[in-house]
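User: Let us go through this fold in short questions and answers. Start with the strands, please.

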Amino acid sequence: MSNIKFVRKLVQKKFRNELKLFTAEGLRLCEEVPPAQIEFGFYTRDFLSDERAKNLVGRLKNLEEISPSAMEKISDTQTPQGILLVVRQKFSTLEEVLAKKIITVLDAVQDPGNVGTILRTAEAFNCGVILLDGSAEIFNPKVVRSSMGAIFYLPIVKMSREEFLKLRGVEILATALDRTAEIYFEHDFTKNPVAIIFGSEANGVSKKILDVAQKIFIPMNGRAESLNVATSAAIILSEAVRQTKIL
């Protein structure tokens with residue numbers, strides 16, 4: 001099988017999971033990929049018109065020049081940027097995640113754009129990340145693009161809700177519109193480590209977790225019923241970092 005046909009198979013989650021590989025596209029994102037994780041890649045001649053692009057191609061190995069039409073066949077974007085890398089998947093250990101004072105937990109957050117944006121925010125605020133059942137796959141091309149390279153630096157683990165609820169020594173907070181919930185900025189985030197759970201776009205945090213978590217919410221004065229989950233994550237993580245001064 002040619003490398004191009006091989007890459008086309010990685011469009012499917014099934015093959016990404018089986019082969020433990022995924023793709024990264026574009027100059028900005030590919031600059032963030034650790035060279036040790038790169039299997040091989042492709043670029044077009046037009047891509048080399050940029051000095052940054054020349055420097056990137058010059059320092060990476062196992063790259064092959066292909067035609068623009070071939071790049072279009074393997075690209076996940078409507079307008080390919082001229083470079084695509086095949087990258088080995090990598091997860092962290094639970095110990096690496098728990099070493100962070102603030103842990104961002106995604107409970108069935110399904111939209112790839114939201115997941116990628118939250119990962120980018122979590123990396124900016126020096127958090128660990130736990131992905132629970134039902135969340136979008138972090139190696140989905142849309143998640144990878146939205147993360148803007150955060151997936152290469154964040155400590156991330158996957159686990160079931162049952163496994164998560166067995167963790168000890170971690171304060172569990174969940175975002176919820178509930179009469180018992182506390183305004184987020186009135187909560188004391190300095191009791192580290194703290195796991196802040198953000199739920200699915202449609203249903204919020206699962207009942208199994210809400211039953212054991214301290215609930216927090218973002219007060220709103222406008223007519224909006226709720227905030228986008230990625231926006232909520234940015235607001236609450238910002239306050240947690242402000243209080244703990246971990247940056």
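User: Which residue of β7 is the bridge partner of Ile130?

Analyst: The model is predicted: local features need pLDDT of at least 70, side-chain atom pairs count only at pLDDT 80 or more, and totals for chains, interfaces and linings use all residues. Residues are numbered from 1 along each chain as its sequence is written, and side-chain values use heavy atoms, without hydrogens and water. Strands (E, at least two residues) and helices (H or I, at least four) are DSSP runs numbered from the N terminus. β6 (residues 128-131) runs parallel to β7, joined by 3 bridges; the partner of Ile130 in β7 is Val157.

User: Which strands are the edges of the open sheet?

Analyst: Strands pair if DSSP finds at least two bridges between them. The order is β7-β6-β5-β10-β8-β11-β9, with parallel pairing. Pairing on one side only marks the edges, β7 (156-158) and β9 (182-183).

User: What angle does α11 make with β10?

Analyst: Contact means heavy atoms within 4.5 Å. Axes are lines fitted to C-alpha atoms, for helices over the stretch in contact, and angles run from 0 to 180 degrees between N-to-C directions. α11 touches β5, β8, β10 and β11, and its angle to β10 (194-199) is about 165°.

User: How many disulfides does the structure hold?

Analyst: A disulfide is a pair of cysteine sulfur atoms within 2.5 Å. Cys30 is buried (under 20% relative accessible area, 1.4 Å probe, protein chains only), at 0%. Cys127 is buried too, at 1%. The number of disulfides is 0.

Notes. Buried means under 20% relative accessible area, exposed over 50%, partly exposed in between (1.4 Å probe, protein chains only).
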